[in-house]
Amino acid sequence: MSADLTLTVQETGPGSAYELTGDQVAALVAVPDLVRLTPAPGGRWNVRGNQKVGLIRLPTRSGGAIHLRLRPKLGIRDLLFLLSYSSAGPWHPEPVTAATADDLLPALADLLARTARRTLEGGVLHGYQEVAEELPLIRGRIRTTDQLRRTGLPLPISVRYDDHTPDIPENRILLAALNLAAHLPGVPDPTRLALRHLAHRLHGVRHSHPGEPLPTWTQTRLNARYTSALRLAELLLSGHSIRQEGNAPTPADGFLLDLPKVFERFLTVTLGEALAHHGIRCAPQDVHRLDEARRATFRPDLVLYRGGRPISVMDAKYTFLKGTSPPVEHLYQLLAYCTALGISHGHLVYAATGRSTAPTDHVIRCSPVTITAHALNLNEPSADLLAQIAALAGRTAAAAPA
């Protein structure tokens, strides 16, 4: 049996060289876009990050496993703030404790434990679920059709009734996340114990089976106090699957996040809210046609509308620019978007982890199109980052046609 191997890789950067067996290389490449492998001197392999963070366990065919730790470039507090906008609706994370400030999985598990504890202090939420079963007495309504099909003794009776139960979608989602977080690698024992204690409080809630889709829920006045816990639970559960060759989702022993998608979602939500104050609507990932025959399609991250007509287009790039000019292929992309949409101004929004830089305009030769490159400093405190978003919205609105 092959021994286990632990790899620690930064999400971006030059990577590190490791001695890997053929089975270990096969396990790493079986998950598309997980890491970047290139041959290195001495028969080794250079392993580079590919803008993903988390910790997962990849089994090898020889019986061992690779414990792959993908570390974020951002601080954990800054990353959690971006993640608070990555689900169906934003939630407000509690402060990260000093004990978990340096590792993502313990921070998320500790955050879920504290958020769920505060949520359940008000009691476990109950709801009405319709139940159909056979009883020796009448409860609720008789299922007349089913009852008439019966032959012989009239008992038991086919009935249908509403049961006041904790086994509702909100509690199923929360229980699934608590159980998952309790088994994540690297979670301290006190946090693991707290998660199991909270899961025990959800007595009577059905456990989800592996591969079973999450139930859906809708925010209402009755479940409002569950919202933060559920948004965080959905985030944890969404990161608990990876896709191997063949594109089939496979449960992973760990947690994995795609940071470009996290950044895009954060920009979509925050910028959409800021631009609404300027009378501009943002449409994310709408399908548009590039050619007259309408055969070639494209999906910009954001198309901005005012009065029902497109006025600008924007693309989020989770790329840390080294110079002042964007890559030429990014300019090509925005030029095509602007041309097909019939607009004269597009925007590229990049991530940054250092000092903020002023936006740069790139006027395309022999074209009416101008493309402006912006960089958001993700390492700034949350209030300052939202101020950057407000300033970006203001500049975008001012540059757009009335």
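**Figure 1. Overview of the predicted model and its contacts.** Among contacts between residues at least 6 apart in sequence, 65% join residues that are at least 24 apart. The predicted model contains 10 helices and 20 strands. Of the 402 residues of the protein, 46% count as buried. The protein exposes about 20200 Å², and 53% of this area is supplied by carbon and sulfur atoms.

**Figure 2. The aromatic pair of Phe-81 and Phe-266.** The structure holds 5 aromatic pairs. In one of them, Phe-81 and Phe-266 meet edge-to-face, with 5.9 Å from centre to centre and 65° between the planes. Phe-81 belongs to helix 2 (residues 76-83) and Phe-266 to helix 8 (residues 259-276), so the pair ties together parts that are 185 residues apart in sequence. Phe-81 counts as buried because its relative accessibility is 16%, under the 20% limit. Phe-266 likewise counts as buried, at 0% relative accessibility. Together with Tyr-85, Phe-81 and Phe-266 form one aromatic cluster.

**Figure 3. The stacked pair of Phe-298 and Tyr-337.** A pair of aromatic rings is described by the distance of the centres and the angle of the planes. For Phe-298 and Tyr-337, the centres are 5.0 Å apart and the planes differ by 15°, a stacked arrangement. The pair links distant parts of the chain, with Phe-298 in strand 15 (residues 297-298) and Tyr-337 in helix 9 (residues 328-341), 39 residues apart. Phe-298 is buried, with a relative accessible area of 9%. Tyr-337 is also buried, at 9% relative accessibility.

**Figure 4. Arg-281 over the ring of Tyr-305.** The side chain of Arg-281 lies over the face of Tyr-305, at 4.6 Å from the ring centre.

**Figure 5. Helix 7 and its buried residues.** Helix 7 (residues 227-238) has 12 residues. From its first C-alpha to its last, helix 7 reaches 16 Å, close to the 16 Å expected at 1.5 Å a residue. Because 10 of its 12 residues are buried, helix 7 is largely enclosed by the rest of the structure. The buried residues include Thr-227, Arg-231 and Glu-234, as well as Leu-230, Leu-232 and Leu-235.

**Figure 6. Helix 10 and its two sides.** Helix 10 (residues 382-399) has 18 residues, and the 26 Å between its end C-alpha atoms agrees with the span expected at 1.5 Å a residue. Its buried residues are Leu-385, Gln-388, Ile-389, Leu-392, Ala-393, Thr-396 and Ala-397. These residues lie on the same side of helix 10, because they cover an arc of only 165° around the axis. An α-helix has 3.6 residues a turn, so residues three or four places apart point the same way. On the other side of helix 10, Ala-383 and Ala-398 are exposed. The buried residues of helix 10 pack against helix 2 and helix 8, and also against strand 16 (302-306), strand 17 (309-320), strand 18 (345-352) and strand 20 (370-377).

**Figure 7. Thr-60 in the loop between strand 5 and strand 6.** Thr-60 is located in the loop that lies between strand 5 (52-59) and strand 6 (65-71). Thr-60 counts as buried because its relative accessibility is 10%. Leaving aside neighbours within four places in sequence, Thr-60 is in contact with Asp-23, Gln-24, Ala-27, Ala-65 and Ile-66.

Methods: Residues are numbered from 1 along each chain as its sequence is written. This is a predicted model: local features need pLDDT of at least 70, side-chain atom pairs count only at pLDDT 80 or more; totals for chains, interfaces and linings use all residues. Side-chain values use heavy atoms; hydrogens and water are left out. Rings of Phe, Tyr and Trp (its six-membered ring) pair if their centres lie within 6.5 Å; planes under 30 degrees apart count as stacked, over 60 as edge-to-face and the rest as tilted. Helices (H or I, at least four residues) and strands (E, at least two) are DSSP runs, numbered from the N terminus. Buried means under 20% relative accessible area, exposed over 50%, partly exposed in between (1.4 Å probe, protein chains only). A charge sits over a ring if NZ of Lys or CZ of Arg is within 6 Å of the ring centre and within 35 degrees of the ring normal. The expected span of a helix is 1.5 Å times one less than its number of residues. The arc is that of the directions from the helix axis to the C-beta atoms. Contact means heavy atoms within 4.5 Å. Accessible areas come from the Shrake-Rupley method with a 1.4 Å probe; for residues, only the protein chains shown count as cover.
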